[in-house]
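Got your viewer open? Load the model and get ready to click through a few selections.

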Amino acid sequence: MPLPTLPFDVVVEILSRLPVKILMQLQCVCKSWKSLISDPKFAKKHLRHASQSLVLTVGELDFVVIANPLSSVFTEATTTTIQVDYPVKDKDDSAAIVGSCHGILCLSFCSQPMKVAVVCYPHTLVQGPVSNCRNLVKVHTLGTTSWRTIQDFPPNTLILNESGKFLRGAINWLAYRQRHSSCWVIMSLDLEKEFHREIPQPDYGGINVLSLNIGVLRDCLCIFSNADTFSDVWLMKEYGNKDSWTKLFRLPHTRNLGSWPLVYALYVSNDDQVLFDIEREELVVYNSRDGTFKDPGIQIIDKWMESEVYHESLISPCF
C-alpha cells in the first residue's frame, strides 16, 4: 500500500516550525523540499516561528559568548547553557553585541587601541562641549565599494552610538541635545529614504527621569525611563505616533543603582513576565502581574555582560 501523503501547504506549516539544523538535513530528502527550504519567502515564514535564545557576552578581556534557550528563562525547566563559537580569537580583544535582526547576530571586536569596528552608525565628531558637536552620516550599500554622505544629523546633538535599535526599516538612537536647555531626544534614520527625524517621547508625568534607554519589545519601540527608585517601561504601539505611547509597567529597584541607572527589558512573555538586564551585571525575571522577582538561573561567571535576544533563522548573512 502506498504511504499517505499530506497536502503541500500542511508540509510547509510543519517544516516552518522545525529547528534550522534539522531543516538543513531535510534538504536532502527531495528536490521540492530543498527548493522550499532555500526559498527566501520560506525563510521569512520560518523566522516568525523560530525558537529564541538569550545570547550573552561575558567578561571584559577574557570573555566568552554563551547562549541559553529563552523558554527556560520563564519556566522551571533546567537547560544547559552552551558556549558559542565566534571568528575572532585574539585574547587581547573584547566583544560587544551590536544587535540582532532577522536572525543575524552582529558582534564587534576591539582591542586597545581599537583594531576592528563592525558597526555602522553616525560618526560623531566632538570638539569640547555638546554645543560644538557635529554628526556626519555615511551610508554603505552592499555590493558597492564606497560610502555615501547623506544629510547630517542636527547640530548640538550627541548621538549615543551604543543605543542604535533597528525597527521598521529605521535605526533609532538615543541622543543628548543642548540648545537653550539640555534634553534627551530620540533620532530615527530611515535607511530606505535616507532621511532622519525626531521621534516624540511619552509624557512622563512630571517624574524626575535620571536616565533613558531605548529598545525593542513586541516589535515596538520602547523607552526605559529610570528614576531613583523605579524604572517605567513605555511602548510605542504605532511607530512615530506620540499618542500611541503606553506605559506597560513599573519596575521597582531592589537596590541603589546610583545617579545613572542602566535597566533594559529584553523580552516580555505572553503571561507578562519580563526579563531584565540590570546594570550589565544581573539578569532578573519580573512578574508584572503580582510584582514578584525570580532568578532566571543563568550562571554569570563575570561581573560584566551584554545581552541580546536572538531568533534562530534560515536567513543568510552572505550577500
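Here is a short walk along one helix and into the loop after it. Keep in mind that this is a predicted model.

**Stop 1: the outside.** Select L6, V10 and I14 and switch on the surface. Together these residues make a nonpolar surface patch of about 250 Å². Now pick out V10, which sits in helix α1, residues 8–15. Is V10 buried or exposed? Neither, quite: its relative accessible area is 32%, so V10 counts as partly exposed, the cut-offs being under 20% for buried and over 50% for exposed.

**Stop 2: the inside of α1.** Next, select V11, V12 and L15, which are buried residues of α1. Turn the view until you look straight down the axis of α1: the buried residues fall within an arc of 100°, so they line one face of the helix. What covers them? Show α2 (20–26), α3 (31–37) and α4 (40–49), which are among the elements that cover the buried residues of α1.

**Stop 3: the loop.** Move on to S16, in the loop between α1 and α2. S16 has a relative accessibility of 0%, so it counts as buried. Show side chains here and look back towards α1: the S16 side chain reaches the backbone oxygen of E13 at 2.9 Å.

To finish, which residues does S16 touch beyond its neighbours within four places in sequence? Select F42, K45, H46 and H49: S16 is in contact with each of these. They belong to the stretch 40–49, which is α4, the helix you met at the last stop as part of the cover over α1's buried residues.

Terms used. Residues are numbered from 1 along each chain as its sequence is written. This is a predicted model: local features need pLDDT of at least 70, side-chain atom pairs count only at pLDDT 80 or more; totals for chains, interfaces and linings use all residues. Side-chain values use heavy atoms; hydrogens and water are left out. Patches are made of residues with over 30% relative accessible area and no salt bridge: like charges are joined within 9 Å, nonpolar side chains (Val, Leu, Ile, Met, Phe, Trp, Tyr) within 5 Å. Accessible areas come from the Shrake-Rupley method with a 1.4 Å probe; for residues, only the protein chains shown count as cover. A salt bridge is a side-chain nitrogen of Lys or Arg within 4 Å of a carboxyl oxygen of Asp or Glu. Helices (H or I, at least four residues) and strands (E, at least two) are DSSP runs, numbered from the N terminus. Buried means under 20% relative accessible area, exposed over 50%, partly exposed in between (1.4 Å probe, protein chains only). The arc is that of the directions from the helix axis to the C-beta atoms. Contact means heavy atoms within 4.5 Å. A polar contact is a pair of N or O atoms within 3.5 Å; within protein, one must be able to donate a hydrogen and the other to accept it, and residues adjacent in sequence count only if both atoms are side-chain atoms.
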